[in-house]
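Here is a protein model to look through by question and answer. Each answer sets a value beside the rule that gives the word its meaning.

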Amino acid sequence: MPGHKSEAEKGAGEKQLRRDPYEVLGVNRNSTDQEIKSAYRKLALKYHPDKNANDAKAADMFKEVTFSYNILSDPDKRRQYDSAGFEGVESESQELELDLSSLGTVNTMFAAIFSKLGVPIKTTVSATVLEEALNGAVTIRPLPLGQPLCRKVEKQCAHFYSVTITEKEVQAGFVCRVYSADKSKFKLLYFDQEENGGLSLALQEDSSKTGKITCAGMYFLGFPVYRMDPAQSVAAVKDPDAAFFKKLDGFQPCEITELKAGTHYFAVYGDNFFKSVSYTIEVLSAEPFPEEKENLRLVEAQILSKRIELSKFETEYREVLAQFTEMTSRYAQEMQAIDELLKNRNEIHASYTTAPQIKRSSSGRSKNKATFKESEDGQGRDKKPSRDRLKKKRWYNLPLKVDKRKPCGME
């Protein structure tokens, strides 16, 4: 009917209505990852469902902003979009970040179950926390260098800290680490201070399981320090070969490699589904760790080199694997062909005879076996009565002679 559209036409219409991700986020094509992330944070906060209840337009804008960021934040998808537009990006693979504070109890429970089963659940910082930080309505606690602090933060809440560093400490390098002995999930956050005194989220590091603890860290040492991006490491898909070759794709360099002298702001965000997070936070100057700093610099350079090597090795491996698969298939075919030839050869050899072929029937053999069994059973039945008679003779067939005419006991 002319008044109805097919599913294909609807899908084509939706694709035409999609806006350029750069336009949605208000950035240009040469923008850095940090600029894209900052633009996304501000727009996501503006259109977040928590702040715009029952506003369908804001909900659509939030989805569009998130969709655009998921493309531009992934180097591979961004490259695909730049070269081929939306056609080059698989929209089905886009993942949304979940704000656990906006989920109901039932949905949170389902998310926790899926997470326990190994399904990656990507979460985001609560819009309420980000808004309070942006408005300067958070309590900030000073954190001295070299003094670990143990605290407990509630789920979907954050503890804020200020750290003051000198020019000397900037030159030496600066590290902030958080760990949880009970393997809780949390996020380590770094904030920029706005002109109005509010704080805007600049860096985020999700905790990861390392041995018997979960930990996260930010390293401002003057050179790129790689971090694991779980969204891209999830490319460890069903194919074990792909999982191996994509293993280092999740390592992305931190956007900020060094800080300026002055006061800086960090936060620990509780990312558990139901319970609070016990953690220890520590900020350190890298000056007492010159050997560790140099070793880390070498390891980071080796990781970058190894990523390039893996890319080349994957191409070689795929080619050799294809050849091996082809040779294995040919081996099986040749083996089958040889077996068929030898079988035909034996049949031809056996045909050179004038004597009738003797075929032993299975029925004859079974009949002989049955006859043999019957004979054995007959012999067994014949022998049984003789044994019984022998047994009876042992009991009472005694050769005694008694004179019945005389009473017992009398002569």
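**Reading the terms in a predicted model**

Q: What makes the link between the side chains of N272 and S184 a polar contact?
A: The side chains of N272 and S184 are joined at 3.3 Å. A polar contact needs a pair of N or O atoms within 3.5 Å, so the value of 3.3 Å meets the cut-off. The model is predicted.

Q: Why is N272 called buried?
A: The relative accessible area of N272 is 7%. Buried means under 20%, so N272 counts as buried. N272 lies in the loop between β11 and β12.

Q: Which residues of helix α11 are called buried?
A: They are K293, E300, I303, L310 and E314. By the meaning of the word, each has a relative accessible area under 20%.

Q: What is the span of α11 set against, and how does it compare?
A: Helix α11 covers residues 290–350, 61 residues in total. From its first C-alpha to its last it reaches 85 Å, close to the 90 Å expected at 1.5 Å a residue.

Q: How do you know that β1 and β3 pair?
A: Three bridges join β1 and β3 (residues 158–165) in the parallel sense. Pairing asks for at least two bridges, so these strands qualify. I140 stands opposite F160 in β3.

Q: What makes β1 and β6 the edge strands of their sheet?
A: The five strands of this open sheet are in the order β1-β3-β11-β5-β6, with mixed pairing. β1 (140–142) and β6 (199–206) are the edge strands, as each pairs on one side only. From one strand to the next, the twist averages 30°.

Q: Which helix packs on this sheet, and which strands does it touch?
A: Helix α7 (residues 127–134) packs there, touching β3, β5 (186–193), β6 and β11 (262–270). The directions of α7 and β6 make an angle of about 140°.

Q: Why do β2 and β7 count as edges in the sheet with the order β2-β12-β4-β8-β7?
A: This open sheet of five strands has antiparallel pairing. β2 (149–153) and β7 (208–210) each have a single partner strand, so one side of each has no neighbour in the sheet. Neighbouring strands here are turned by 35° against each other on average, direction ignored.

Q: How do you know that β12 pairs with β4 and with β2?
A: β4 (residues 174–180) and β12 (residues 277–285) run antiparallel over six bridges, and five bridges join β2 to β12, also antiparallel. At least two bridges are needed, so both pairs pass. Across from β4, C176 stands opposite V283 in β12 and R177 opposite E282. V153 stands opposite V277 in β12.

Q: How do you know where the predictor's confidence is lowest and highest among the elements?
A: Helix α1 (residues 7–17) has the lowest mean pLDDT, 48, and β3 the highest, 96. The scale of pLDDT runs from 0 to 100. For the protein, the mean is 77, and 71% of residues reach 70 or more.

Q: Over which residues does pLDDT stay under 50, and how many contacts beyond four places in sequence does the model have for them?
A: Residues 1–16 are one such stretch, with two contacts of this kind. Residues 91–96 are another, with 13.

Key:
Residues numbered from 1 in each chain as written. Predicted model: local features only at pLDDT ≥ 70, side-chain atom pairs only at ≥ 80, totals over all residues. Heavy atoms only, no water. Helix = DSSP H or I, 4+ residues; strand = E, 2+ residues; numbered from the N terminus. Axes fitted to C-alpha atoms, helices over the stretch in contact; angles between N-to-C directions. Contact = heavy atoms within 4.5 Å. Expected span 1.5 Å × (residues − 1). Buried < 20%, exposed > 50% of the residue type's maximum accessible area, 1.4 Å probe, protein only. Polar contact = N/O pair within 3.5 Å; in protein donor to acceptor, adjacent residues only side chain to side chain.
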